[in-house]
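Dear colleague,

Please find a structure below for your attention. My notes on what was found in it follow directly after.

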Amino acid sequence: MKTCFDVFDADRDGFLNETEFTELQHHLFRHRDGFHAVSDKQRIDIMKLLDEKQDGKIDREEFQTCWLHWLRQILEPKSALVIVDVQNDFISGTMSISNCPAKQDGNDVIPIINRLLENVNFECVVYSADWHPANHISFIENIKQREIHHTSKVTGGAAKIYDTVIFSGPPIMDQKMWPCHCVQDSWGARYHPDLKVVDRAIHITKGTNPDIDSYSAFWDNKKLSQTNLVCELTQKAITDVYVCGLAYDVCVGSTAVHSIEHGFRTVLIDDASRGVELADINAMKQKLIKTGAVIVDSDRVADMVDATDRRPELGYQAALNVAMARKLVKEEESKKQASSNGK
Ligand code: VGL
Ligand code: ZN
């Protein structure tokens with residue numbers, strides 16, 4: 001750590017000033033063949049998050065935190081692959097993606113995901129499965145089972161697939177309608193037989209509550225409950241989450257969004273994902289990029305997992321995590337202080 005600090009402290013004043021810290025970031029965010037472009041905003045935002053005393057320079061004490069927490073996430077990431085809903089119904093069953101507006105083929109993701117599983121050193125692998133009871137709220141076949149709220153633009157009799165209906169609940173629920181799919185224990189809910197399933201993987205089922213849909217492998221659509229995915233990943237000290245599978249603009253995208261919200265450095269594997277609707281896929285990509293995720297093709301993943309390829313966007317997320325942890329510690333300390341003052 002000391003050597004690293006001294007190398008970048010070019011003027012030897014015991015601080016890394018903005019120029020010196022820029023140089024460090026330049027060397028940090030690189031790949032096999034060169035350097036990643038780091039935007040001025042990215043570079044300055046990262047430094048601000050790590051400059052605890054907010055005096056425009058990184059002292060030795062601040063650098064110690066950088067070393068232990070920020071650089072560790074970047075240089076020694078622990079990566080999980082989350083394979084979302086590669087199930088029969090989405091490939092050749094009742095909700096085959098090939099019949100959806102974007103006309104993509106769910107089969108295409110299988111060899112790409114299998115290759116990733118064979119060639120990349122993931123710390124852990126997660127498979128999620130949409131796992132609905134037969135009376136699930138999202139099935140158009142079940143529309144008569146629930147009362148429709150008077151504010152719903154679409155009425156029960158007129159509802160078509162992809163329409164959003166508002167059910168009265170409680171709780172009141174806006175729900176996009178899909179054909180019956182991934183019913184628990186049915187053939188359609190099984191992983192596609194060609195998908196490689198590795199030993200010691202984590203398996204997550206979602207959408208099991210009949211009255212609430214769950215696109216993401218973390219939270220249901222109303223964030224009323226969580227699967228145990230975040231606990232599993234935290235226990236394994238995972239820093240980076242790679243998401244792929246079906247459907248890009250629905251369950252893959254939602255899982256990636258929640259992954260970022262949990263503070264995981266998040267990567268969506270573009271060519272290992274297929275979606276329902278092109279406009280929605282593009283909107284999801286924009287949203288993910290805006291919130292700090294990285295979208296890459298599968299041929300880049302091995303270098304990222306072994307930290308040969310280090311992305312500035314993920315370095316920014318790592319800095320956000322350091323700042324968040326520091327804030328929590330401070331809050332905890334001031335709570336303790338307040339309670340001991342009160343005694
Ligand atoms: C999905 C729609 C409804 C998905 C699940 O896995 O993307 N999409 N249920
Ligand atoms: Zn579903």
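**The zinc site and some backbone details**

The site of the zinc ion (ligand 2) is irregular, with angles of 88 to 170° among its 4 donor atoms. Please keep in mind that this is a predicted model.

The protein donors of this zinc ion are Asp 130 (OD), His 132 (NE2) and His 181 (NE2), at 2.0 to 2.1 Å from the metal. Their spacing in the sequence is D-x1-H-x48-H. Distant parts of the chain are linked in this way: Asp 130 belongs to strand β6 (residues 124-130), while His 181, 51 residues apart from Asp 130, sits in the loop between β8 (173-176) and β9 (202-206). Asp 130 counts as buried because its relative accessibility is 3%, under the 20% cut-off. His 181 is also buried, at 3%.

The backbone deserves attention as well. Most residues other than glycine have a negative phi, and most peptide bonds are trans. Two residues have a positive phi without being glycine: Asp 85, at about 50°, and Arg 200, near 55°. Asp 85 lies in the loop between β5 (79-84) and α5 (88-91) and is buried, with a relative accessible area of 0%. Arg 200 is placed in the loop between β8 and β9 and counts as exposed, at 81% relative accessibility.

Cis peptide bonds are also present. One runs from Pro 170 to Pro 171, with omega near -5°; Pro 171 is in the loop between β7 (164-167) and β8. Another joins Leu 246 and Ala 247, with omega about -15°, and Ala 247 is found in the loop between β10 (240-246) and α8 (248-261).

Yours sincerely

Definitions and conventions: Residues are numbered from 1 along each chain as its sequence is written. Chains are lettered from A and ligands numbered from 1 in the order in which they are written. This is a predicted model: local features need pLDDT of at least 70, side-chain atom pairs count only at pLDDT 80 or more; totals for chains, interfaces and linings use all residues. Side-chain values use heavy atoms; hydrogens and water are left out. Donors are N, O and S atoms within 2.8 Å of the metal (3.2 Å for Na, K and Ca); water is not among the atoms, so sites may look incomplete. Four donors count as tetrahedral if all angles lie between 85 and 135 degrees; four count as square planar and six as octahedral if opposite donors are over 155 degrees apart and all others between 65 and 115; anything else is irregular. Helices (H or I, at least four residues) and strands (E, at least two) are DSSP runs, numbered from the N terminus. Buried means under 20% relative accessible area, exposed over 50%, partly exposed in between (1.4 Å probe, protein chains only).
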